Structures are given as C-alpha cells and as structure tokens.
Amino acid sequence: MKFHIFVGLLYVLPLNYTSAAALERSGQSVHALFEKGNYAEVALLQVDPNISGQVQHQQNSTESDIQSFSAGNLVNHQHFIQAALKLQPHPQISVALLFDQPYFVDVDYQVGSTQSNELLFSETADIKFESRNITALIGYQPTPHWNLFTGLSYQSFSGDLKIGTQVDYTFFDYHAHFPKDHAWGWLAGLSYQIPEYAFNTAITYRSKIKHRTNASESIWGFPLEIAPQQATEIETPESVNLDFHTGLPAQNFLYGSLRWVNWQDFKIQPTQFSAIVKNQFNLIDYQKNQWSTRLGVAHQWSSKWITAVEGLWDTGAGNPASSLNPVDGYVGVGTGAVYHFNPKTFMIAGLHYLYFTKPEKTQPQSLITQISSFSSLEQRDAWVYHLKLAHRF
C-alpha cells in the first residue's frame, strides 16, 4: 500500500477554531514536524457562527416597553491564519517554526429599551481577547520509528472588555483594558511511527504561559484607583495533545486526536476589580477542564485526490451561558479533500458544521456570568471553512 501522501490528511481542519470552550481557538498542533524532508504550509480559516440568546435580567425591566430580549448574533465572524516551516538538516535532526492564534474571542451585543426618550433597561457587552504564538521546535530521531522533540513558544496576549447593565435608571458600566504582553512557554513530546503502514502516534505537552500586564480599569468612564496598582497575572493554560493516524486496506485511512486543556486553573482578576469585590469572585474564570476529540476516515481515490469525513466532540469548560462563553462544547461533522498539483505541492480544503451544547444552569461564579448571562439560547451553530497550501522542497 502507498501511503506517502496521507500525512497531511489528519489536519484537514484544525480542531478548535470555534467558540466552544473558553478562549481557545487553536488545537496547537505540531504535525508539521512529522512531515518528511523540508516542508512549508500556510492555512486560512473562517468561522461563521450563529449564536444568539435571551438576556436573563428580564424581570428587572417590567416597566420598560422592550419587546424582545434577544441579544442577536453574539459572536462576530472570525478569520485566522496559521503557518509552519519544517527543515531536515540531518537525517536524525528536524527543526520547525510554527505560527498560530491559540486564544481569541470577539463578542459584541446591546439590548436596550426606552420610554419617553429615557433609557429604562440596557445590557451591553463588547469583549475581545487575542493572542499569537510562535513556536520553535527541534526533534531528534534516534531510530526511523522514534521522534523525541521539545521547543519554546513565544506568546502575545491582549484584551479589552466592556460590560454593563442598566435597571431602573441605575447603570453599571465597567471597562478593563489589558495591554499586549509577551511571555515564554515550553513544550515537549514524542512520537512513534511505522512509515510503511502510514502509522504515527504522538503525544505533546505544552506548559502554561504566565503573562503580566498593567491593566487599566474604569467605571462609568472614571479611572479606578481604589488599591495600589499591580500587574494583572494571566496564565494561558497547559495542555496535552494525543494524535494518531494509520493506513487501512483498500487505500483507506483512519485518524483521530484527543486534547485536554487545564481551564479550571485559569482566571483574570485585575487589581481594582479585585478590591471592589474583595476577591469574592473573579472577573473571568472557568469551572472545569476541557476535553475534545475527533475521529475520521479518509480514502485515496488516485495519486492526486484524497477525501475524508470526520466527527468532532468537545466538552466545553463548564460555565453558565455568558457573553464571553455563550456556548459550552459542541458536536460536529466535517468533510475535507486533498488535491496534489504535483508530487511536492498540494492543497487541503475543509468544511465543518458545529452544533453547540447549551451550558448548564449553575450558580454564576464570575462577574461576566452575573452581569451578562442568558436565560436561553435561540440559535447555536457555526460553519467553519479551511484552506491550506503546502509544499515539500
């Protein structure tokens, strides 16, 4: 069986470029390191979410003339890019440079009611966090079957959060800005492969990365200066990835992955906000760790064409529905195709449909879930499109 063009099929679509668990948008794969010889790729992704819900504080606006408490589409359309370069300077040494955007959220909505030109009820949220990762890897292959690898990640993280609610002429308006910070993390793993059967399995551990940013906070437009200013610590979570793929008879192929992310230890707690609430709850946190998995089957039709179908599942991070976390996990299906222009250059295109899970109705633990929670979700799905160009040289 000839499986030499199957290697990239496992990665028809990055698993986590969605809106399912906390801030995560990338599965942080290191698959490029396992490509043969010298290799380069660039991928473009678009996420078209359709997530809307009813705000929960309807009982506080009985005197208003508001007809609908729907927040409309909560999550904006998103575009991402990722790239990789892998070199094989020695038969036993490989190096790679990877770029991705692992953590991202972009939510914006406003629900309001007026009477006699006076605002009686309002709930707003405008939240955006983003990050970028550059990962440098080096791998050592002591035998044709084993690959031991490690590396460093240089990560940026920044964000801006505005939330508010108005009931009976009293308006709570909070704004926190988190300037961009850069910090280092590390990763390590190993893989085992049997090339003649297109079998490969790999496990990768990524460390948490600690950011320190001088957040600026205000309420009703006035700077908050209650406590001595200190840098806000934000630790992006540690994770473990387990990936495998193997050839099957009749030019078929089985692949899958399992990912764990430690969101339970994640929090964002700026200095002034902490002083106001006396550490009774965090500005942002999550209740449990995330598990996600995928399983797919591919078929090689010719030397140029491969197609695949796969199923996805994500547990989410266990939060009540909020503007930052409007859904909590998903199930999904997808399809993809690989086309080889020539033996060295190929294109991968993928399409996925995701149906998001309703969050559990639990007691809110953070400001986000207390101020901007949803009593019900009206729509909760998304389409994800992916296009990758790759070249071996």
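Modeller: A patch is built from residues with over 30% relative accessible area (Shrake-Rupley, 1.4 Å probe, only the protein chains shown as cover) and no salt bridge (Lys or Arg side-chain nitrogen within 4 Å of an Asp or Glu carboxyl oxygen); nonpolar side chains are joined within 5 Å, like charges within 9 Å. This model is predicted, so local features need pLDDT of at least 70 and side-chain atom pairs 80 or more, while totals for chains, interfaces and linings use all residues. Numbering starts from 1 along each chain, and side-chain values use heavy atoms, without hydrogens or water.

Colleague: What makes the nonpolar surface patch?

Modeller: Eleven side chains? Let me just name some: Tyr-140, Trp-146, Leu-242 and Tyr-355 are among them, and the patch covers about 1000 Å².

Colleague: Why is Leu-242 called partly exposed?

Modeller: Its relative accessibility is 37%, and partly exposed lies between buried (under 20%) and exposed (over 50%). So Leu-242 fits the middle class. Leu-242 sits in strand E13, residues 239-248 (strands are DSSP runs of at least two residues, numbered from the N terminus).

Colleague: And why does Ser-218 count as buried?

Modeller: Ser-218 has 13%, which is under 20%, so buried it is. You'll find Ser-218 in strand E10, its C-alpha 6.0 Å from that of Tyr-174, 44 residues apart along the chain.

Colleague: What lines the second largest cavity?

Modeller: A cavity is where a 1.4 Å probe fits on a 1 Å grid but cannot get out, and lining residues have an atom within 4 Å of a point. Gln-28, Trp-186 and Arg-206 are among the lining residues here, around about 70 Å³ of space.

Notes:
Helices (H or I, at least four residues) and strands (E, at least two) are DSSP runs, numbered from the N terminus. Buried means under 20% relative accessible area, exposed over 50%, partly exposed in between (1.4 Å probe, protein chains only). On a 1 Å grid over the protein atoms alone, a cavity is a set of points where a 1.4 Å probe fits but cannot get out, and a pocket is an open set with protein on both sides within 12 Å along at least five of seven lines; lining residues have an atom within 4 Å of a point. Grid points are joined across faces, edges and corners, and a volume is the space filled by probe spheres set on the points.
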